[in-house]
Amino acid sequence: MNILETLVAMEIAGGIVLAAGSAMAQDGAAAEPPSGLYYMDRSHTSVTFQVNHLGFSHYTARFSRVNGQLQFDPGHPEAMRVEAAIDPTSLELNAPPAGFHDQLMGKGWFEAAQFPQITFRSTRVKVTGPHAASVTGDLTLHGVTHPVMLDVVYNGGWPPNGFDPGGARIGFSAHGVLKRSDFGMANGVPAPGSTLGVGDEVDIAIETEFSSKQVEP
């Protein structure tokens, strides 16, 4: 397929999606995703984090293997529950020095052989706005469990339809901060008053979609 044919195909596909979205929007009730169990769409999920590096920059990395489920109830958001699991060995780094990834999987850091999962299970949902909530849950990292709060924004969704193999779909953005020392990962934390090291605070950003059917990426 040449460039012109590709552009035409993209325009046609975009027109189909826009037309379908317009048709659903004409029926407000039908355009809402239904309550029920939703599965994380791993191909549309991103978990990244940042830590201060020597006071010079905020080093950014991500995990590429994440899975989870959400009990979705837009009529009673406080009753919603979410759980997720991360494979720590899926940590992706920017041009890491030789052996650095293995070092982070080892003693004093993730110790992935002993603690092969990072998990989050929500315990409370508090509505903070028309499409926003604070979600508190138990985060288990490095074999230690502590409560963590995420600020979550509901980006919208749609009901089951003929062009989405996942059925109904919903999407969220979330942000939170934790101290890695709370989880027994204090290697390299700068001394008080210094930035010489890797910061204790970890800034987490999550972009995710869930669908009513499990679809393999």
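Which residues form one aromatic cluster with Tyr-38? Let's work towards that and a few related points in this predicted model.

**Exercise 1. Name the members of the aromatic cluster that holds Tyr-38.**

Solution. Start with the whole structure, where a search finds seven aromatic pairs. Then look at the cluster itself: Tyr-38 is joined in it by Phe-72, Tyr-154, Phe-172 and Phe-210.

**Exercise 2. What geometry does the aromatic pair of Tyr-38 and Phe-72 have?**

Solution. A pair of aromatic rings is described by the distance of the centres and the angle of the planes.
- Step 1: the centres of the Tyr-38 and Phe-72 rings are 5.4 Å apart, and pairing asks for centres within 6.5 Å.
- Step 2: the planes of these two rings meet at 75°, and an angle over 60 degrees counts as edge-to-face.
- Step 3: the pair of Tyr-38 and Phe-72 is therefore edge-to-face.

Now place the two residues in the fold. Tyr-38 belongs to strand β1 (residues 36-40) and Phe-72 to strand β4 (residues 66-72), so their pair ties together parts that are 34 residues apart in sequence. Both Tyr-38 and Phe-72 are buried.

**Exercise 3. Classify the pair of Trp-158 and Phe-163, and say whether Trp-158 is buried or partly exposed.**

Solution. Take the geometry to begin with: the ring centres of Trp-158 and Phe-163 lie 5.0 Å apart with planes at 85°, so this pair is edge-to-face. Next comes accessibility. Buried means under 20% relative accessible area; Trp-158 has 22%, so Trp-158 is partly exposed. Phe-163, at 30% relative accessibility, is partly exposed too.

**Exercise 4. Where is Arg-124 found, and what is Arg-124 in contact with beyond its neighbours within four places in sequence?**

Solution. Arg-124 sits in strand β7 (residues 118-129). With a relative accessibility of 47%, Arg-124 counts as partly exposed. Once the neighbours within four places in sequence are set aside, the contacts of Arg-124 are Ser-134, Val-135 and Thr-136. For a spatial check, try Val-82: this residue and Arg-124 are 42 residues apart in sequence, with their C-alpha atoms 9.9 Å apart.

**Exercise 5. How many helices and strands does the protein chain have, and in what order do they run?**

Solution. Count the elements: there are two helices and 11 strands. Read from the N terminus, their order is α-β-β-β-β-β-β-α-β-β-β-β-β. To round off the picture, buried residues account for 35% of the 217 residues. The protein chain exposes about 12400 Å², and 59% of that area comes from carbon and sulfur atoms.

Notes. Residues numbered from 1 in each chain as written. Predicted model: local features only at pLDDT ≥ 70, side-chain atom pairs only at ≥ 80, totals over all residues. Heavy atoms only, no water. Phe/Tyr/Trp six-rings, centres within 6.5 Å; stacked < 30°, edge-to-face > 60°. Helix = DSSP H or I, 4+ residues; strand = E, 2+ residues; numbered from the N terminus. Buried < 20%, exposed > 50% of the residue type's maximum accessible area, 1.4 Å probe, protein only. Areas by Shrake-Rupley, 256 points an atom, 1.4 Å probe, with all protein chains shown as cover. Contact = heavy atoms within 4.5 Å.
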